[in-house]
Amino acid sequence: MADITLNGSGLLSSTCVPNIFIDKYMTSANGEYIKIYLYLLRCMDQNKPACSISELADIFEHTEKDVLRALLYWEKVQLLHLEYNAGHEVTGISLNLPEYKAIKTYDPDHEEKLKEDVAETFSETHSKEQYTLDQLDRFLDEESVQEILFITENYLGRTLNPTDIRTILYWYDELHFSTDLIEYLIETCISNGHTSLRYMEKIALSWAEKNIHTVEEAKKDRMTHQKDAYAVMNAFGINGRNLISSEIQTIQKWTGSYAFSMDIIKEACRRTIQATGKPSFEYADSILANWLKQQVHTLSDIVKLDSAHKKARTAAKSSGASKTVSPGGRFNNFPQRTYNYDQLEKQLLNTTR
């Protein structure tokens, strides 16, 4: 084969990718993980002060769990370090590349063991089967597979490429989705403006994790999410627009990992409006994260917290007042004056004569 010459022009800015990352880490890592790591490098190069899990999820059309899985992978191979707050949320990412000499002196057995540990830790990452040509031919001979590929091409308005076909076969063969469920998945995503098969696969994986394998189960799950979204929109007074992806994911965090009832979530929204005068998912999330830390499970738990907070404030005010008022009730902020009342009486009599 002929050599390929690489040329570039008009490169206004660039991000430095260490050679050790390309030589030692990139070749064995998941492609989606590599994208997230490269984006973190770009953020560091631009001195971007902060980013969030939800922001990364929006950029790459992932779920927050997918982004966190990628970060955990890079932490496992010691290319970064994650910091957490009391609510077990990621609050800091420190990028770190070991010395190249240190990597070169790795024992091959140790390096292989590290790869095995990483593979075991992230075994839940669903990698697609690399089908042989014979396997593909057998699949494509199935009438149900032909049907779903035809339906997908009609929905997307384009011819499927080999990667697209492998993705759909993964849903069908490995996730054991019926053709009806795959059609419903594609139809639902496209109706919501998402035409990327990568985005659809995130939904498919979430359904698989919830053991959803029928259209009825998928509809029920979707209705639950829609019901929760409408409830939050009403609580915030949001109208005239749809929720964006990060907002929907935040609501799913409140109902999922936080496991709060909608009554508690609505109360957090009400307090957010009362405090800020506008809907703020970030502010409401801070309230709910604090309640999670305080082990709130019911509205009555919130009443108890409010009562305890009120008592603490009252005690603090009483303590502050006792520092300025003497036991006799006199204020000690000013020097006390003494008067000779007999002399004052004489002066008053003299002035009236």
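Which helix holds Ala229? Let's find out in three close-up views of this predicted model.

**View A. Ala229 and its neighbours.** Ala229 sits in helix 12, which covers residues 215–236. With a relative accessibility of 13%, Ala229 counts as buried, because the cut-off for that label is under 20%. Leaving aside residues up to four places away in sequence, Ala229 touches Leu243 and Ile251. Take a look at Ile251: the C-alpha atoms of Ala229 and Ile251 are 7.0 Å apart, while 22 residues separate the two in sequence.

**View B. The hairpin of strand 1 and strand 2.** Here strand 1 (residues 80–84) pairs with strand 2 (residues 90–95) in the antiparallel sense, over five bridges. To follow one bridge by eye, start at Glu83, whose partner in strand 2 is Gly92. Five residues lie between the strands of this hairpin, and in the turn you will meet His88, which has a positive phi of about 65 degrees.

**View C. Helix 3 meets helix 13.** Two packed helices are described by the angle between their axes and the distance between the axes. For helix 3 (residues 53–60) and helix 13 (residues 245–255), the axes come within 9 Å and cross at roughly 130 degrees. The two helices are therefore oblique to each other, and helix 3 passes helix 13 in a right-handed crossing. At the contact, Ser54, Ala57 and Asp58 of helix 3 meet Ser245, Ser246 and Gln249 of helix 13. Sorted by class, this contact has one nonpolar, four polar and one charged residues.

Key
Residues are numbered from 1 along each chain as its sequence is written. This is a predicted model: local features need pLDDT of at least 70, side-chain atom pairs count only at pLDDT 80 or more; totals for chains, interfaces and linings use all residues. Side-chain values use heavy atoms; hydrogens and water are left out. Helices (H or I, at least four residues) and strands (E, at least two) are DSSP runs, numbered from the N terminus. Buried means under 20% relative accessible area, exposed over 50%, partly exposed in between (1.4 Å probe, protein chains only). Contact means heavy atoms within 4.5 Å. Two strands pair if DSSP finds at least two bridges between them. Axes are lines fitted to C-alpha atoms, for helices over the stretch in contact, and angles run from 0 to 180 degrees between N-to-C directions. Angles under 35 degrees count as roughly parallel, over 145 as roughly antiparallel, 65 to 115 as roughly perpendicular and the rest as oblique. A crossing is left-handed if the near helix is turned anticlockwise from the far one by less than a right angle, and right-handed if clockwise. Ala, Val, Leu, Ile, Met, Phe, Trp, Tyr, Cys and Pro count as nonpolar, Asp, Glu, Lys and Arg as charged, and the others, Gly among them, as polar.
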